[in-house]
Amino acid sequence: MTKKIFRSTLFVAIVVLFASFITILGVLYNYFNGSQNKQLHAQLALASTAVENEGVSYLQTMHFDSFRITYIDTDGTVIYDSLVSADTMENHAAREEIQEALQSGFGESSRYSTTLTERTIYLANRLSDGTVLRISVSSYTVLSLVLELMQILVTIFIFAVVLSSVLAKSMAKRIVNPLNELDLDHPLDNDAYDELSPLLKRIETQHTQIKTQMIHLKRTQNEFEAIVNCMNEGLVLLNNKGIILSINPAARKLFCTDEACIGKDFLTVDRTHEIHIGIATATQKGHSEIRIERNQRIYQFDFSRIESDGHVIGIVLLTFDVTEQANAEQTRREFTANVSHELKTPLQSIMGSAELIENGLVKSEDMPAFTSRIRNESARLLTLIEDIIRLSQLDEGSEMPKEKVDLYCLGEEVLASLQDTAKKKDIQLSIEGTHETLYGVKHLLSEVLFNLCDNAIKYNVQNGFVRITVSSDNAYIRVAVTDNGIGIAPEHHARIFERFYRVDKSHSKESGGTGLGLSIVKHAVMYHGGKIDIISESGKGTTMIMTFPK
């Protein structure tokens, strides 16, 4: 206990010391950077005004020691630089701060050195004639600040650790000594810490309870037997010769036997080779597990060795119905494999395009196509990750803020947001029915309608229609999304809400879907206590019907 108190106290001291170091470094770093930024803005403003009035001649007559001035033409050509000759410098049109200044009038960026110990801050200001004046200065990073202060930080750290060790050791001894002197045979006669009084009283009480518990041992045994008989899990007790000592009703049902098997060899009840291998393994190693399918259910058999005084006296066999768990594990493995595949595809495209650009293998005229591909694949990757996060939140049942939602008005908003998409295929969007209010999570309900309507547009025919219908009766509110598109064959109805399941994989890839939209729809509807049904045939359109309890 002394060591635990010592280690805990020392650990707390070190953590507090580190937290103090980090806080101080953060404050210093922010202060210096803030001051430097203010000064840099002021210098840029003064220089911009001077160049506006006197032109480049002002720059040529000035000496800039603490910062660097670069004057850039409208096409990115360097007119003047305070450090090097402008003729030797490359075109600056592609620089982030220059582009931003040309677009908005002011640009700002920063770049780190390869060692991360120096950061260069760039501020750019567009002048009235369209040229850009840029000012830059090098500043320390957090890493360089740490390296500068490393010697004094290490000295303070060593001193603090040594001092904390001495104090922690002394404190631990003072705390533990009274505990070591306790007389547990007469707990109420001890005069130690007041905080130990409840513990000492409890020890005295336990001395009395031990005697009482012996009297109630038989009753406890009877209660144990009652609990075992009510267990959903099967329980079998075997002695060291494999004779059945006890078997509860769940196990009798599983092995198709009765109480008459007690006292008989387990071989008379079950001759499955795997089970007897499990018993033999548990006898030798102490524990073993197997899974067996019986009656279209999957059961896990746990075998544990019972020992007394170093001798094996029997085996405990527990059986669990793990069908749901096994199915969940299979689903999780499939989901993991699908996620890995779906994430890998856009990442490979991004990495391939970036590598070609990095190696200079892309012509300037082809650069927009490559950057567009990187942006599109990144957007696809982000959408996929957002869908996975949303599904995870729905799986966990996380609490979300609820409000009264007018489903008719919500449908109008969704259709309005999809008008541009629908116009590309001349698809008519409409909504009918009544204004029905549901108490739920508005953004989830909006996403449900958006996904269903978006799918209805994607998989529709030219000049088709998509219609939302809102209705209700005494107990339920129904929202239906109907289209006259390509439809879904009946054999796919049971699986379209599975994650990453696609009816037409080639068409889904072209439309940019992640394969998670309908799964999100299903889970969001279930989150609101509802259900979703599908009515569809190939070539005859699709109707998705969501039913929510009022």
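**Salt bridges, cores and surface of the chain**

Arg-111 forms a salt bridge with Glu-97, in which the closest N and O atoms are 3.2 Å apart. Arg-111 lies in strand 3 (residues 106-112) and Glu-97 in helix 3, so this pair ties together parts that are 14 residues apart in sequence. The model in which this pairing is found is a predicted one. The two partners differ in their surroundings, since Glu-97 counts as buried at 0% relative accessibility, whereas Arg-111, at 29%, counts as partly exposed. Glu-97 and Arg-111 are further linked with Arg-134 in a network of salt bridges.

Helix 3 (residues 96-104) itself has Glu-97, Ile-98 and Ala-101 as its buried residues. These residues cover an arc of only 100° around the axis and are therefore placed on the same side of helix 3. The face turned away from this buried side carries Gln-103 and Ser-104, both of which are exposed. Just after helix 3, Gly-105 takes a positive phi of about 100°.

The structure holds 12 salt bridges, and two others may be described alongside the pair at helix 3. Arg-297 forms a salt bridge with Asp-321, the closest N and O atoms being 3.2 Å apart. This pair links distant parts of the chain, with Arg-297 in strand 9 (residues 297-308) and Asp-321 in strand 10 (residues 311-321), 24 residues apart. Arg-297 is partly exposed, with a relative accessible area of 30%, and Asp-321 also counts as partly exposed, at 42%. In another salt bridge, the side chains of Asp-454 and Lys-458 meet at 3.3 Å, N to O. Asp-454 and Lys-458 both lie in helix 14, where they are 4 residues apart, or about one turn of the helix. An α-helix has 3.6 residues a turn, so residues three or four places apart point the same way. Asp-454 counts as buried, at 13% relative accessibility, while Lys-458 is partly exposed, with a relative accessible area of 26%.

Across the chain, which contains 16 helices and 17 strands, buried residues make up 35% of the 550 residues. The largest nonpolar core comprises 41 residues, of which Leu-452 and Met-546 touch the most other members. Several elements each supply at least two residues of this core, among them helix 12 (407-417), strand 12 (428-433), helix 16 (517-527) and strand 17 (542-549). Helix 14 gives the most to this core, with 8 residues. Beyond its close sequence neighbours (up to four places away), Met-546 touches residues that include Val-448, Leu-449, Leu-452, Ile-477, Val-479, Val-525 and Ile-532. A second, separate core of 20 residues includes Cys-261, Phe-266, Ile-290 and Leu-317.

Gly-487 is located in the loop between strand 15 (476-483) and helix 15 (505-511), and at 15% relative accessibility this loop residue counts as buried. When residues up to four places away in sequence are left aside, Gly-487 touches Ser-536, Glu-537, Ser-538, Gly-539, Gly-541 and Thr-542. The C-alpha atoms of Gly-487 and Tyr-459, which are 28 residues apart along the chain, are separated by 7.8 Å.

The chain exposes about 33200 Å², of which carbon and sulfur atoms supply 55%. On this surface, Met-150, Val-154, Ile-158, Val-162 and Val-166 form a nonpolar patch with about 420 Å² of accessible area together. Val-166 is placed in helix 5 (residues 150-180) and is exposed, with a relative accessible area of 54%.

Conventions:
Residues are numbered from 1 along each chain as its sequence is written. This is a predicted model: local features need pLDDT of at least 70, side-chain atom pairs count only at pLDDT 80 or more; totals for chains, interfaces and linings use all residues. Side-chain values use heavy atoms; hydrogens and water are left out. Patches are made of residues with over 30% relative accessible area and no salt bridge: like charges are joined within 9 Å, nonpolar side chains (Val, Leu, Ile, Met, Phe, Trp, Tyr) within 5 Å. Accessible areas come from the Shrake-Rupley method with a 1.4 Å probe; for residues, only the protein chains shown count as cover. A salt bridge is a side-chain nitrogen of Lys or Arg within 4 Å of a carboxyl oxygen of Asp or Glu. Buried means under 20% relative accessible area, exposed over 50%, partly exposed in between (1.4 Å probe, protein chains only). Contact means heavy atoms within 4.5 Å. A nonpolar core is a set of buried Ala, Val, Leu, Ile, Met, Phe, Trp, Tyr and Cys residues joined through side-chain atoms within 4.5 Å. The arc is that of the directions from the helix axis to the C-beta atoms.
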